[in-house]
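I opened this entry to keep track of what I looked up in the model. The notes follow the order in which I went through them.

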Amino acid sequence: MQTPYYLIDKSRLLPNLQKIAWLTEHSGAKALLALKCFATWSVFDLISEYLDGTTSSSLFEVKLGRQHFSGETHAYSVAWADHEIDEVLRNSDKVIFNTIGQLSRFEAVSHGHTRGLRVNPGVSTSTFDLADPARPFSRLGEHDPAAIDAVIDQISGFMFHNNCENGDFDRFDAMLQGIEERFGHLIAQMDWISLGGGIHFTGEGYPLDKLAARLKAFADTYGVQVYLEPGEAVITNSTTLEVTVLDTLHNGKNLAIVDSSTEAHMLDLLIYRESAKVAPNEGREEWMICGKSCLAGDIFGEFKFPAPLAAGDRISIQDAAGYTMVKKNWFNGVQMPSIAIRELDGTERLVRAFTYDDFAAALS
């Protein structure tokens with residue numbers, strides 16, 4: 001296949017799904033795929049065998065979950081618009097409002113629908129202010145127990161989302177305890193509680209047994225159905241971005257320009273100033289891998305190779321599923337990566353290619 005393309009490997013996706021299935025079986029919790037992280041519906045056939053549904057951040061994600069994923073469809077958005085709320089309700093099993101203001105605004109039209117409210121506990125595990133839901137003056141959820149108590153009869157559940165790439169069970173446990181101490185009297189009046197995503201429980205060595213026991217104890221204590229909303233935990237290490245070296249030069253360092261772009265195809269690398277991953281990243285040759293856009297800082301990172309790179313060489317950028325395909329864009333008109341799947345039997349197939357017509361159609 002012509003590069004660039006994202007290659008989703010089902011054999012690398014499957015171990016994550018099996019861990020999720022084990023966790024839900026032993027904890028009683030349900031798992032919903034967070035479409036804001038990964039929404040490539042061509043592999044929903046496999047993922048839906050192990051997860052219980054989807055959760056969203058917009059009307060379009062709600063509809064995608066309803067149309068392409070079996071199970072429950074949870075509808076959350078930072079703010080619903082008047083013109084979209086009816087469609088949101090038609091396509092969801094639960095609607096979660098971000099604020100009491102939104103709950104009140106749509107109380108009449110959503111009456112009879114299962115409703116929830118996002119609650120901000122004021123603490124998170126995010127190390128980036130940009131992504132911290134508990135940052136000062138955060139708009140993400142209600143924080144005052146007294147204000148929430150005043151509308152408690154209008155909802156049947158809460159959504160807490162304050163974990164971010166949290167692979168530390170003890171940290172998760174401590175934050176959940178803090179939630180219980182502050183909001184436990186309200187939780188006890190609910191039927192269901194979503195603890196959001198950002199718990200890196202499919203990572204190597206994570207104590208799944210402890211997490212299962214903690215979730216089960218929480219559910220039993222308050223008499224609630226617990227939901228998790230994994231995104232990265234579902235697809236971590238499952239996908240590569242396959243690229244080809246187009247040119248090389250030396251300007252104090254060895255530079256290789258590839259047929260892809262961080263700004264267009266792996267935007268979070270730029271947003272969070274992080275390096276891509278290349279494996280095995282070993283050898284005597286050190287090279288900076290550069291994107292082909294005009295942005296001076298379009299850099300994937302610096303890596304080691306066993307031999308000098310040359311035009312035509314292939315490179316696999318690792319762990320390229322989360323927040324990539326959902327964020328890819330047409331900056332500079334750079335060819336958008338195709339999407340391919342490696343099936344469990346090892347065969348590969350192209351499921352989507354993008355053309356000039358797609359580029360033109362995205363404009364006016």
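Where is the place of Pro-280? I found Pro-280 in the loop between β12 (277–278) and β13 (285–290). I note at the start that the model is predicted.

**Entry: cis peptides**

I looked up Pro-280 for its peptide bond. The bond from Ala-279 to Pro-280 is cis, with omega near 10 degrees. I also logged a cis peptide bond between Thr-3 and Pro-4, where omega is about 0 degrees. Pro-4 lies in the segment before β1 (5–9).

**Entry: positive phi**

I listed residues with a positive phi next. Phe-137 is not a glycine, yet its phi is positive, near 65 degrees. Phe-137 sits in the loop between β6 (114–118) and α6 (145–149), and with a relative accessible area of 84% it is exposed. Glu-165, also not a glycine, has a positive phi of about 45 degrees. I placed Glu-165 in the loop between β7 (157–159) and α7 (169–187); its relative accessible area is 59%, so it counts as exposed. Gly-28, just after α1, takes a positive phi of about 85 degrees.

**Entry: helix α1**

I checked the length of α1 (residues 10–27) against its expected span. At 1.5 Å a residue, its 18 residues should span 26 Å, and the end C-alpha atoms are 25 Å apart, which agrees. Which residues of α1 are buried? I wrote down Lys-10, Leu-13, Leu-14, Asn-16, Leu-17, Ile-20, Leu-23, Thr-24 and Ser-27. An α-helix has 3.6 residues a turn, so residues three or four places apart point the same way. I kept that in mind when reading the list.

**Entry: the barrel**

I traced the strands and found a closed barrel of eight, running β2-β3-β4-β5-β6-β7-β8-β9 with parallel pairing. The twist from one strand to the next averages 25 degrees. Strands of a sheet pair through backbone hydrogen bonds, either parallel or antiparallel.

I then took one pair of strands in detail. β4 and β5 (residues 94–97) run parallel and are joined by three bridges. His-74 stands opposite Lys-94 in β5, and Ala-75 stands opposite Val-95. From β5, Lys-94 and Ile-96 point one way, Val-95 and Phe-97 point the other way, and all are buried.

Is His-74 buried or exposed? His-74, which lies in strand β4, is buried, with a relative accessible area of 0%. I looked up its contacts, leaving aside neighbours within four places in sequence, and got Leu-32, Thr-54, Thr-55, Ser-56, Lys-94, Ile-96 and Tyr-227. I followed Lys-94 further: its charged end sits over the ring of Trp-192, 5.6 Å from the ring centre.

**Entry: helix α3**

I asked which residues of α3 are buried. They are Leu-59, Glu-61, Val-62, Leu-64 and Gly-65. These buried residues pack against α2, β3 (53–55), β4 and α4 (85–90).

**Entry: aromatic pairs**

I counted 10 aromatic pairs, with ring centres within 6.5 Å as the cut-off. One of them is Phe-44 with Phe-69, edge-to-face at 5.2 Å centre to centre and 70 degrees between the planes. Phe-44 lies in helix α2 (residues 44–47) and Phe-69 in the loop between α3 (59–68) and β4 (72–76), so the pair ties together parts that are 25 residues apart in sequence. Phe-44 is buried at a relative accessible area of 1%, and Phe-69 is buried at 4%.

I looked at Phe-158 and Phe-160 next. Their ring centres are 6.1 Å apart and their planes stand at 75 degrees, so this pair is edge-to-face. Phe-158 counts as buried at 1% relative accessibility, and Phe-160 is buried at 0%. Phe-158 and Phe-160 form one aromatic cluster together with Phe-183.

**Entry: Gly-197**

I closed with the loop between β8 (192–194) and α8 (208–222), where Gly-197 lies. At 7% relative accessibility, Gly-197 counts as buried. What is Gly-197 in contact with, leaving aside its neighbours within four places in sequence? I noted His-161, Asn-163, Glu-229 and Pro-230. Gly-197 and Glu-229 are 32 residues apart along the chain, while their C-alpha atoms are separated by 4.4 Å.

Conventions
Residues are numbered from 1 along each chain as its sequence is written. This is a predicted model: local features need pLDDT of at least 70, side-chain atom pairs count only at pLDDT 80 or more; totals for chains, interfaces and linings use all residues. Side-chain values use heavy atoms; hydrogens and water are left out. Rings of Phe, Tyr and Trp (its six-membered ring) pair if their centres lie within 6.5 Å; planes under 30 degrees apart count as stacked, over 60 as edge-to-face and the rest as tilted. Helices (H or I, at least four residues) and strands (E, at least two) are DSSP runs, numbered from the N terminus. Buried means under 20% relative accessible area, exposed over 50%, partly exposed in between (1.4 Å probe, protein chains only). A charge sits over a ring if NZ of Lys or CZ of Arg is within 6 Å of the ring centre and within 35 degrees of the ring normal. Two strands pair if DSSP finds at least two bridges between them. Axes are lines fitted to C-alpha atoms, for helices over the stretch in contact, and angles run from 0 to 180 degrees between N-to-C directions. Contact means heavy atoms within 4.5 Å. The expected span of a helix is 1.5 Å times one less than its number of residues.
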